[in-house]
Amino acid sequence: MSDLLERGRSHGAATLSRLHRQLVRIRLFEERAAELLRSKEIRTACHLYIGQEAVAAGICQALRNDDLVHGNHRSHGHYLAKGGDMRSLMAELLCKETGCSKGRGGSMHLFNKEIGMLGTVPMVAATIPIGVGGALAAKLQRRDYVSVAFFGDGATEEGIFFESVNFAALHQLPMIFVCENNYMSSHLPLLDRRTQEAIHAFVKMEGLASIRADGMNVLEMHDIGLEAVRRARAGEGPTFIEAECYRYLGHVGPSDDLDVGIRDPEVLQSWKDRDPITQLEQTMIELGFSSSAELQLVRVEVTAEVDDATEFARASEQPASSGVLEHVFTGVQA
């Protein structure tokens, strides 16, 4: 807690309040999505982000609107943290025309150019080179935006990851690689796939700044995000961040996967004991920045926002069958 107190005192009440609201928005949105999955109101596959909120909130709080973000199959949190509208996200999960991808993408294909969210893709590691392309464009065009790619630990076992890191380091691109190491690739634990768990250590050998961070500590994530952005804008090259975190639910859907014997209940509880929202709320109270009642009011307000987004999505129309090819790349016409 001392680290949180020191960082919290440094940032001040306003920053902590913004981060807290963002954490709660992501958590409550995800919990509602889990409810809608259980009731089968949401029928597309959803990979929920509960437990990892501090990574998206901390990093995205350090970004400008024109900075680019690229996500993966577990990116509801990235979308909200970057400034995405909750209504359009919920509508996308219900595959409605008012969704951020016009109801054609569902949970795993989120897009919003206005906030710099240039796409999420379920194929592991697929958006990492696209993110590097965005960083290359920034350098060639002499613009000062940065490009961020969020991905899981499993993505670092793909060849395209190493090609992307090498290229970004070689050309000193304004790129931030954020590996959310939740110690599971789908249903396979990290040390069943590799001999070393310190991903940042072997990435460092590629010649870029490479650090490990506490992904359950939103203030640490925010500080590291600020420094990575500063380095990128100053022309000092890319940064690789390994954020240690844990998803509370299973790989896909609203269950916790404990019944299939691939996760240890005690390990899961140990991560929940370090819950990012609880840690930040205790810090804000201890610093005198907020009271318990004020923090509870935030939950009430966000619950109303989630209710509104849910009703908006329910009331929206599904895409017409006649428009099935709209918003879809169909190749160059002769």
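Which residues does Phe151 touch, not counting residues up to four places away in sequence?

**Entry 1. Ground rules.** I am working on a predicted model, in which local features need pLDDT of at least 70 and side-chain atom pairs count only at pLDDT 80 or more, while totals for chains, interfaces and linings use all residues. Residues are numbered from 1 along each chain as its sequence is written, and side-chain values use heavy atoms, with hydrogens and water left out.

**Entry 2. Phe151.** I listed the contacts (heavy atoms within 4.5 Å) of Phe151: they are Asn72, Ile128, Thr156, Phe161, Phe177, Val178, Cys179, Glu180 and Phe240, with residues up to four places away in sequence not counted. I then looked up where Phe151 sits, and found it in strand β3, residues 147–152. Helices (H or I, at least four residues) and strands (E, at least two) are DSSP runs, numbered from the N terminus. Phe151 counts as buried because its relative accessibility is 2%. For the cut-offs, buried means under 20% relative accessible area, exposed over 50%, and partly exposed in between, with a 1.4 Å probe and protein chains only. I also noted a C-alpha to C-alpha distance of 8.5 Å between Phe151 and Asn181, which are 30 residues apart in sequence.

**Entry 3. Strand β4.** I went on to β4, residues 175–181, where seven of seven residues are buried. Met175, Phe177, Cys179 and Asn181 point one way, and Ile176, Val178 and Glu180 point the other way. In a regular strand the side chains alternate between the two faces of the sheet.

I checked the partners of β4 next. Strands pair if DSSP finds at least two bridges between them. β3 and β4 pair in the parallel sense over six bridges, and Gly152 stands opposite Glu180 in β4. Between these two strands the chain crosses through helix α7, residues 159–170, and this β-α-β crossover is right-handed. Right-handed here means that, with the strands pointing away from the viewer, the path from the first strand over the helix to the second runs clockwise. β4 also pairs with strand β8, residues 239–244, in the parallel sense over six bridges. There I found Val178 opposite Ile241 in β8.

**Entry 4. Glu220.** What is the nearest side chain of opposite charge to Glu220? I found Arg7, 4.0 Å away; Glu220 is buried and has no salt bridge. A salt bridge is a side-chain nitrogen of Lys or Arg within 4 Å of a carboxyl oxygen of Asp or Glu. For charge, Lys and Arg count as positive and Asp and Glu as negative, with His and the chain ends not counted. Glu220 belongs to helix α9, residues 218–233. I found its side chain at 2.9 Å from the backbone nitrogen of Asp214. This is a polar contact, that is, a pair of N or O atoms within 3.5 Å; within protein, one must be able to donate a hydrogen and the other to accept it, and residues adjacent in sequence count only if both atoms are side-chain atoms. Leaving aside neighbours within four places in sequence, Glu220 is in contact with Asp3, Arg7, Arg212, Ala213 and Asp214.

**Entry 5. Asp275 and helix α11.** Asp275 lies in the loop between α10 (265–272) and α11 (276–286). Is Asp275 buried or exposed? I put Asp275 down as buried, because its relative accessibility is 7%. Its side chain reaches the backbone nitrogen of Thr278 at 3.1 Å. At the start of α11, a side-chain oxygen of Asp275 also comes to within 3.0 Å of the backbone nitrogen of Ile277. Leaving aside neighbours within four places in sequence, I found Asp275 in contact with Arg27, Met216 and Tyr248.

Within α11, I recorded Pro276, Ile277, Gln279, Leu280, Glu281, Thr283 and Met284 as buried. The buried residues of α11 pack against α1 (2–11), α2 (13–38), α3, α9 and α12 (292–315). Of these partners I opened α3, residues 53–60, and found eight of its eight residues buried. After α11 comes Gly288, with a positive phi near 80°.

**Entry 6. Positive phi.** Most residues other than glycine have a negative phi, and most peptide bonds are trans. I noted Lys102, which is not a glycine, with a positive phi of about 60°. Lys102 is in the loop between α5 (86–93) and β2 (117–120). I also noted Gln172, not a glycine, with a positive phi of about 50°. Gln172 lies in the loop between α7 and β4, and counts as partly exposed because its relative accessible area is 33%.
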